[in-house]
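Open the model in your viewer and keep the selection tool handy. We'll hop from stop to stop, picking something and looking at what surrounds it.

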Amino acid sequence: MPASSPGGPFIRFDRDHANLRGKRVLVTGAGRGMGLAIAEAFAAAGATVAAHHLQPQAEVDEALKVLRGHGGRAEGFKANLLEPGSPETLVSEVAAALGGIDVLVNNAGGIAQYTDFRELPIEEWNLSLALNATAPFLLSRAVWPHMQKAGGGRIVNISSCSVGHGGSGSSLHYVTGKAAIEAITKTLAKAGAKDNILVNAVRPGVIDTGMSTRIAGYDEARYKARLAMIPLGRAGSPHEIAGMVAFLASSGGDFMTGQIISVSGGD
C-alpha cells in the first residue's frame, strides 16, 4: 500500500469510475491534517495536486513526499491568504504551473481562539470572516475564468456542522464565517450552472486533527465532552472527509450542485 498521511488509510477509489485522473486540483491548507488527507485522496485517484500551505518547508516536503508516493504530480505553493492580493496570485501561479485548474477545494480556515462573544475583540471577528469566507470567495472568483475556459469545473468548500446547530457563544465568529461560506456556495452554484461549474460544500463534524491541542480556550476535557454528543460516539477521520470531497469532484457528482453535505457521525 502507498504511504499515507497520519490518521488512517487513504480512501480507495476506482480510478476509472472516479474520473479524476489528470484533473488539476488546488487544495488550500493542504500541508497537514484534513487538507493533506483531501490532497492525498486526489493524488490516489490520479489527479495532479497543487498543495497550498503556510507551513515550514521541511513539513511541506514531507507532505509532498506522501502525495507523490501515489505516483502522480504534486507541487507545493506557499501563500498567506489573508494578505491583499494573495488569493488571486496563488490561483495565477497554480494555473500557470499546471496549465489550468479543474477543481478548487477551499479547505483553509479555522479558529484562532475560543472567546465569549461579549469579550471578543473585533479584530478576531474580522480575522475569522477574512479566513473562512472572504479568502474562499476570492479564490473562487479567481478560478472562475479558468474553469469557464476549460468547459466547467468543481468547487468544494469546507464548512462545519456547527452551522447546523449554531455552535456556542465562544465560537460565534467561526460559525458566522462558515455560515457565510455556505451562502456563497449556494449563490455560486446558481451562477456557475450554465458554465458547468458545480459548487458544493461539506460540513465536517468533529474530526481527529489535534485541534484540541492547538486552539486557545480548548482542551482535552472539552474535546471529550464534545465527542460524547456525537451519535456514532467518535471523532471522524480526515480521510472520511476526503472521500466525500473527492466524490463531489468526480463523475459521481455530475448532477450535484448547491448542496451542503454533512459528514459528522450523525451530529
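Helices and strands here are DSSP runs, numbered from the N terminus, with helices at least four residues long and strands at least two. Keep in mind that this is a predicted model.

**Stop 1: a loop glycine**

Select Gly152. You'll find this glycine in the loop between H5 and E5. Is Gly152 buried or exposed? Its relative accessibility is 10%, so it counts as buried, since the cut-off for that is under 20%. Now show what surrounds Gly152: leaving aside neighbours within four places in sequence, it is in contact with Met147, Asp195, Asn196 and Ile197. Add Ala193 to your selection and draw a distance between the two C-alpha atoms: Gly152 and Ala193 are 41 residues apart along the chain, and the separation is 9.0 Å.

**Stop 2: strand E5**

Step forward to E5, which covers residues 153-158. How many of the residues of E5 are buried? The count is 6 of 6, so the strand is mostly covered, buried meaning under 20% relative accessible area. Colour Gly153, Ile155 and Asn157 in one shade, and Arg154, Val156 and Ile158 in another. The two sets point opposite ways from E5, and both are buried.

Now bring in the neighbouring strands. E4 (residues 103-106) pairs with E5 in the parallel sense over 4 bridges, and Leu104 has Ile155 as its bridge partner in E5. E6 (residues 197-204) also pairs with E5 in the parallel sense, this time over 6 bridges. Show E4, H5 and E5 together and you have a right-handed β-α-β unit.

**Stop 3: two buried asparagines**

Stay in E5 and click Asn157. This asparagine has a relative accessible area of 0% and is buried. Its bridge partner in E6 is Ala201. Not counting residues up to four places away in sequence, Asn157 touches Asn106, Ser140, Ile181, Thr185, Val199, Asn200, Ala201 and Val202.

Next, pick Asn132 in helix H5 (residues 122-150). Asn132 is buried too, with a relative accessible area of 2%. Where does its side chain reach? A polar atom of the Asn132 side chain lies 2.9 Å from the backbone nitrogen of Gly110. Beyond residues up to four places away in sequence, Asn132 touches Gly109, Gly110, Tyr174, Gly177, Lys178 and Ile181.

**Stop 4: charged pairs**

Side chains of opposite charge can pair when their charged atoms come close. The model has 8 salt bridges, and a few are worth a look.

Select Arg203 and Glu182, whose side chains meet in a salt bridge at 2.7 Å, N to O. This pair links distant parts of the chain: Arg203 is in strand E6 and Glu182 in helix H7 (residues 172-192), 21 residues apart. Both Arg203 and Glu182 are buried.

Now try Arg118 and Asp116, which form a salt bridge with closest N and O atoms 2.8 Å apart. Arg118 counts as exposed at 66% relative accessibility, while Asp116 is partly exposed at 24%.

Then go to Arg73 and Glu75, where the closest N and O atoms of the salt bridge are 3.5 Å apart. Arg73 is partly exposed, with a relative accessible area of 39%, and Glu75 is partly exposed as well, at 28%. Add Arg68 to the selection to see a network of salt bridges linking it with Arg73 and Glu75.

**Stop 5: the nonpolar cores**

Which residues touch the most other members of the largest nonpolar core? Select Val27, Ile38, Phe42, Leu67 and Val245; the core has 34 residues in total. At least two residues each come from strand E1 (24-27), helix H2 (33-44), strand E2 (48-53), helix H3 (57-68), E4, E5 and helix H9 (238-249). H2 gives the most, with 8 residues.

Zoom in on Val27. Leaving aside neighbours within four places in sequence, this valine is in contact with Gly35, Ile38, Ala39, Phe42, Ala50, Ala51, His52 and Val105.

For a last pick, highlight Leu139, Ile184, Leu188 and Ile197. They are among the members of a second, separate core of 27 residues.

Methods. Residues numbered from 1 in each chain as written. Predicted model: local features only at pLDDT ≥ 70, side-chain atom pairs only at ≥ 80, totals over all residues. Heavy atoms only, no water. Buried < 20%, exposed > 50% of the residue type's maximum accessible area, 1.4 Å probe, protein only. Polar contact = N/O pair within 3.5 Å; in protein donor to acceptor, adjacent residues only side chain to side chain. Contact = heavy atoms within 4.5 Å. Pairing = 2+ DSSP bridges. Right-handed = clockwise from strand over helix to strand, strands pointing away. Salt bridge = Lys/Arg side-chain N within 4 Å of Asp/Glu carboxyl O. Core = buried A, V, L, I, M, F, W, Y, C linked by side-chain atoms within 4.5 Å.
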